[in-house]
Each structure stands twice: as structure tokens, then as C-alpha cells.
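Here are a few short exercises to work through with the model open beside you. Try each one before reading its solution.

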Amino acid sequence: MTEIVGLGYLGLYAEKLDDWRTYGTEVLGLQNVSEKIGVESDTVLLRADEQSWRFAIHQGETGGAAYIGWEVANRRALDDLGDRLSAAGVTVEEDQACAQERRVEGLIRCVDPDGHRLEFFYGPHIPKYPFVSPRGVRFVTGDLGLGHVFFFVTDLDAAKEFYLGSLGFRLSDTIEFHGRKVHFLHVNPRHHSLAFVQNEELAPALGHFMLEVDDIDDVGRTLDEVDSRGVTLTETLGRHTNDRAISFFMKNPSGSEVEYGYDGRLVDDTTWRVTNYDATSLWGHHRDRPDTDSES
Ligand code: FE
């Protein structure tokens, strides 16, 4: 039960695509490949590594995630996952037209307990032209997949049953604070590719997604861009207790947040033990807004 090997891609909605064209490239350091790939003007495609794209921003009402793409190794893994989801009573559909649009070989889709559209795919397209970050940034992806996503969920038990039970994610650890327990799940050595916490006021929603870079100075340089461009910083620089990443949080033009970080911890499943922390951060990660929970 280990079909999913990593976070593959993320689809987001935004009202102002031009904001993403600037933010995605000049702040995050992603490469805008919309013209290269030749998509319609209502979509922005951003690249982070050798894969043809990792983020798709679609014209639409800001908020939430349009879809989340989880990668599996091959056709057999995709079929096995589809069979297991069907057996668990989840409605799964194969969608070849969507696979073509996402530039992958095969794709099935379903929705999670909060209605988020999930896509499972194998065979992402790798073009021969190189990834060139406009800011000279190198993202930590590869076998670790594309960073992580963090969701506010309406029903913690339902989320646990779906992601840990049906999908086969593995629990890394939990952080308990303000009476809530944040769950951190992995599918490869990256400490977590998915995290969620029940929050009735904010759910269902994508809280943030995380991008990891391979140089602490690129976290600092990005922080300088955030500062000079007036991007809203939502959590100051800090180091998380559990995945040990040094990161900061900022708003993105889709209304959710981006965690930009470095030095995330790796999990070895043969020796890993689940633990429970009582704080999200060893230091830093200060959040100005007192009405909002801190996240990891
Ligand atoms: Fe995070």
C-alpha cells in the first residue's frame, strides 16, 4: 500500500493572473513556461525543476486549491490505487483528457472528504530544455516530490481515515497546541508531503504549500524580495520542531500562503518513530494576527 511516491503538482485559482506572473517568478523563483508550453491566456504554468510544470494558476475566484496532483510510479501502481479506492467506496474516474492537459501519461481523479479534487498520475513529461530559475534558485524536489501542502479540514477523523487508511500515507508525527492536533504525513523520505488540522472556522481550505530550496541564502534573498515588494509576511523566519525546516510564511496571490524553506528533515521508515510535539517551532515563526493559529 505504498503507491503514492510524492506531491506532483498543484492547481490554484487566482483573480489576477498577472500578480502570479510576477510573484511566481520574481519572488518564488519559479520559471514561467506558459508560452513555451502554449497554454491559453487564462492559465499560468510555472516550473520548479526538470518536470515540464509544477504549478498551474487558473483564472477564477481566489481561494482554495483547484486540484492537487499526487504521483505514483507507473501504470500498475495507478491501477492498484484506483482499485483500492473503489473498494473503500471512493468514486474514482480515469480521465485521459485531463492527463493530456496535465502532460502526464495516465491519471485518475477523486475528491477527498472535504471535496478537494485529487488527481493521481504517473509519467510526467520531462522536456529537454533546462529549468532556469529567474532568481537562480534550486528547489529540492526529485524523489522527495514537490514540497508539501497543508489543509484545514472540517473532520479530522474523516481526513485520517481517507489519507492514512485509504491512500496509504504514513504518519510522521503530530503537534498539539491550542487544543488542536496537527497531523504530518509522508509518502517518501520528505518529513511530510501533507499536513492537516481540524479548524471549523477556516476549513475546508488550503492553508499553505511549501517550497524547499537547497541554500539558506535563497531563503534570505527571498525574504528580501518579500520585504522590498511589500508581499505580506505571515510568519517570520523560524525553525519547525518536527521537520526542522528553517522557513518563513507569506501570502500568495491566490489567498493562501507559501512556506519558503530550507533544510527539511528526512524520514527513514525502517527506524522512524511517531512522536507528538507541543509547539510548532523551536524559534521564530511569529504570527502577527492573534486570531489565526500558527501552522507548520
Ligand atoms: Fe508547512
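**Exercise 1. The whole chain**

What share of the contacts in the chain with a separation of 6 or more comes from residues 24 or more positions apart?

Before solving, a word on the basis: this is a predicted model, where local features need pLDDT of at least 70, side-chain atom pairs count only at pLDDT 80 or more, and totals for chains, interfaces and linings use all residues. Residues are numbered from 1 along each chain as its sequence is written, and side-chain values use heavy atoms, with hydrogens and water left out.

*Solution.*
- Step 1. Take contact to mean heavy atoms within 4.5 Å. The share is then 67%.
- Step 2. Turn to secondary structure, reading helices (H or I, at least four residues) and strands (E, at least two) as DSSP runs numbered from the N terminus. The chain has 6 helices and 18 strands.
- Step 3. Check the compactness with the radius of gyration, taken over C-alpha atoms, and the globule rule, 2.2 Å times the number of residues to the power 0.38. The radius of gyration is 18 Å, close to the 19 Å from the rule for 296 residues, so the chain is as compact as a globular protein of that length.
- Step 4. Add the extent: the C-alpha trace spans about 45 × 45 × 35 Å along its principal axes.

**Exercise 2. Strand S1**

Find which strands pair with S1, and in which sense.

*Solution.*
- Step 1. Locate S1 at residues 4-14, where 9 of the 11 residues are buried (under 20% relative accessible area, 1.4 Å probe, protein chains only).
- Step 2. Apply the pairing rule: DSSP must find at least two bridges between two strands. S1 pairs antiparallel with S5 (residues 65-72) over 7 bridges, and Ile 4 has Val 72 as its bridge partner there.
- Step 3. Look at S4 (residues 55-59), which runs parallel to S1 and is joined to it by 5 bridges. Here Tyr 13 stands opposite His 58.

**Exercise 3. Around Pro 124**

Which residues does Pro 124 touch, leaving out those up to four places away in sequence?

*Solution.*
- Step 1. Place Pro 124 in strand S8, residues 117-124.
- Step 2. List what Pro 124 touches: Gln 51, Glu 71, Arg 103 and Val 104.
- Step 3. Compare sequence with space: Pro 124 and Ala 99 are 25 residues apart along the chain, with their C-alpha atoms 9.4 Å apart.
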